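Me: I am a first-year student, and I would like a close look at the charged side-chain pairs of this chain. Please explain them carefully and then connect them to the way the parts of the chain meet.

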Amino acid sequence: MTARQVIGIDLGTTNSAVALWRDGQAQLIANKFGSVLTPSVVGLDDEGNLLTGQPALDRLSTHPHLTQASFKRYMGTEVTLTLGHQTFRAEELSAILLRQLKEDAQSWLGQRIEDAVITVPAYFNDVQRRAVKTAGELAGLNVRRLLNEPTAASLAFGLLENREQKYLTFDLGGGTFDVSVIDMFEGVVEVRASSGDVQLGGDDFNEAICQWMLNQQPDLKAALPAVKPALLEQAGRLKRALSQAPQASVELLWQAQTWRWTLDEEQLGRCCQPLIARLQQPVMQALHDARFSLQDLDHVLLVGGATRMPLVRQAVARLFGRFPRHDLHPDEAVALGAGVQAGMVMKDAAIEDVILTDVMPFSLGVETAKESPGGLESGFFLPLIERNTWLPVSKSKTVSTVADNQTCVLLKIYQGEGRRVKDNVYLGEMNIEVPPRRAGEVALEIRFTYTLDGLLEIECQQLDSPNRSRLVIEKVPGQMTAAQIEQSLQKLNDLKRHPRDRQENRDLLLRGSRLFERLLGEERAWIDNVMSVFEQALDSQDERRIADVRQKVCEALASFDETLL
Ligand code: ADP
Ligand code: MG
């Protein structure tokens, strides 16, 4: 393969996964534990070493102050989250996870990776999308493309059948619900509309089951809030077990007492009814925006781990009057689609004829003033690019000065649907300098462009002058500045990592196991021995001993490498 390897990453709220395009198809990459799903959890162990994925999740209920999950919810905000005494932004925690995914993929492939496609929820606004790009940058990844999650899922499904069809992706993950309506024809995968609920996912079902558990065992309420994390863990187990069997039981050992629960489908249905009821509205909204009726749809694709629940599948079947498709694992489809997109970025010949168009689900506009009986009243939203317009899209608007000798025009940019700007997301503002003339004499053409990534670019031209300038939005709340990114890079590099997880040691372990695979007999046993000594040194976490042994292992491997690699 000559093109630089690109990987596709589903950076999920609950689970993340990596895929790439290989031998004409998207393929998932297993992490260092052999699993294709990596829990999106980051933590510290008792020695202060970083933990990522499953080992971090294992400590979520026992060491909540040293562990963080679901941080994707805070992408693009100033919210800080703590691990012990240290504070992090969501971009930084995501970067720690992305770095792990990247390194696991490198070990799996035996090759360096610098380029990635990362998926984002379709409802992410400009600030949140930029935050994902920043997280990738902090993880040492060149983010070649951001891809909407439902679009990724459609790509994974869409490539299986290349005929004209209309369908809906129904993605119920751990924390969010995301619906998209897609139109596919002649290799074009077109997202016609997206909608969703950012406060609805598998976690909420765990919470509902947890309440039921407390109602069943009211004495346990006295142990709140301490018992909550352990209860939620058991609630999750009950939920998953009920996807396989009509009845399930769990036990919890708490303060020398064993508490038991048995839940069946029917009871589960009752306690989750309010959540199931909330699935309908976003579906109707997306269909309405796409101007499709339920009958127009050829398929309904189930995406997201929570759609494994029979209760959810039944609700979907009732809503659509047909059974949904689930011929891909729902929690793997987004990553597989990102893998397809990674192949496109690498310009793999097998998928060159697939074109992808996408939409941005929020309208974009500027603040404007209106004439009112009391004079000019500001605070109104003037939409420039309507929601669900195909990407890339470019629209321009001409504005004129309103006062004599005005020297600047202030443009405030918002994303959303509200009539007044206070109901929308503020993206930032920009000050455009203009020559002082009489009111209305200076006209500016402002061009707003949404790129394929769903990111906003703004260009401005003064109509009577040849100068065209590209504008950067200033004062964006929630966005990291270049200086903050620089500081973060340093901070992330300084975090303590278990010697086994550090790149130089992982590379050496990888070389050792490659040699082991190639050699035979005594030489193979010798390598096995050398690597065992190295592994023991790594586990001792004694840096001087590690450096010493690493040096010797390098020398030992070098004599083989020349002849074998
Ligand atoms: P995200 O996109 O938010 O990262 P996923 O698509 O991986 O999330 O879905 C995670 C959710 O799916 C969790 O709430 C998890 O409990 C739920 N889930 C996973 N497997 C099952 C199952 N077999 N039955 C019910 N829920 C499941
Ligand atoms: Mg997901």
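Reply: In this predicted model, Asp539 and Arg500 form a salt bridge, with their closest N and O atoms 2.9 Å apart. The two partners come from distant parts of the chain, 39 residues apart, since Asp539 sits in helix 13 (residues 521–540), while Arg500 belongs to the loop between helix 11 (482–494) and helix 12 (503–518). Because its relative accessible area is 43%, Asp539 counts as partly exposed, and Arg500, with a relative accessible area of 31%, is partly exposed as well.

A second pair, Glu207 and Lys228, forms a salt bridge whose closest N and O atoms are 2.8 Å apart. Here too the pair links distant parts of the chain, with Glu207 in helix 5 (residues 202–216) and Lys228 in helix 6 (residues 228–241), 21 residues apart. Glu207 is partly exposed at 29% relative accessibility, and Lys228 is partly exposed with a relative accessible area of 22%.

The pair of Arg192 and Asp183 shows another situation, with its closest N and O atoms 3.4 Å apart. Arg192 has 23% relative accessibility and therefore counts as partly exposed, whereas Asp183 has a relative accessible area of 9% and is therefore buried; the reasoning turns on the cut-off, because buried means under 20%. Elsewhere, Arg502, Glu504, Glu543 and Arg550 are linked in a network of salt bridges, and the count of salt bridges by this rule comes to 26.

How does this connect to the way the parts meet? The domain assignment divides the protein chain into domain 1 (6–200 + 274–359), domain 2 (362–495) and domain 3 (501–562). The contact between domain 1 and domain 2 takes 36 residues from domain 1 and 27 residues from domain 2, and the C-alpha centres of these two domains lie 30 Å apart. About 2800 Å² of area is buried between domain 1 and domain 2, with carbon and sulfur atoms giving 56% of it. Asp126, Arg130 and Leu138 supply 20% of the area that domain 1 buries against domain 2, which is more than any other three residues.

Between domain 1 and domain 2 the count is one salt bridge. The side chains of Glu92 and Lys491 meet in a salt bridge, 3.0 Å from N to O. Seven residue pairs are found in polar contact across the interface of domain 1 and domain 2, counting pairs with both residues at pLDDT 80 or more. On the side of domain 1 that touches domain 2, several elements each supply at least two residues, among them helix 2 (90–109), helix 3 (126–138) and helix 8 (280–290). Helix 3 gives the largest share of that side, eight residues, and the residues of the side divide into 12 nonpolar, nine polar and 15 charged.

Finally, one more charged residue deserves attention for its surroundings. Glu149 is found in helix 4 (residues 149–158), and it is buried because its relative accessible area is 8%, which falls under 20%. Leaving out residues up to four places away in sequence, Glu149 touches nine others named here in full: Asp10, Leu11, Lys72, Thr119, Val120, Pro121, Asp171, Asp178 and Val334. His299, which lies in strand 17 (residues 299–303), is likewise buried, at 13% relative accessibility, and its side chain makes a polar contact of 2.9 Å with the side chain of Gln165.

Conventions
Residues are numbered from 1 along each chain as its sequence is written. Chains are lettered from A and ligands numbered from 1 in the order in which they are written. This is a predicted model: local features need pLDDT of at least 70, side-chain atom pairs count only at pLDDT 80 or more; totals for chains, interfaces and linings use all residues. Side-chain values use heavy atoms; hydrogens and water are left out. Helices (H or I, at least four residues) and strands (E, at least two) are DSSP runs, numbered from the N terminus. Buried means under 20% relative accessible area, exposed over 50%, partly exposed in between (1.4 Å probe, protein chains only). Contact means heavy atoms within 4.5 Å. Domain bounds come from an automatic or database domain assignment. Buried area is the accessible area (1.4 Å probe) that two parts lose on being put together, summed over both. A salt bridge is a side-chain nitrogen of Lys or Arg within 4 Å of a carboxyl oxygen of Asp or Glu. A polar contact is a pair of N or O atoms within 3.5 Å; within protein, one must be able to donate a hydrogen and the other to accept it, and residues adjacent in sequence count only if both atoms are side-chain atoms. Ala, Val, Leu, Ile, Met, Phe, Trp, Tyr, Cys and Pro count as nonpolar, Asp, Glu, Lys and Arg as charged, and the others, Gly among them, as polar.
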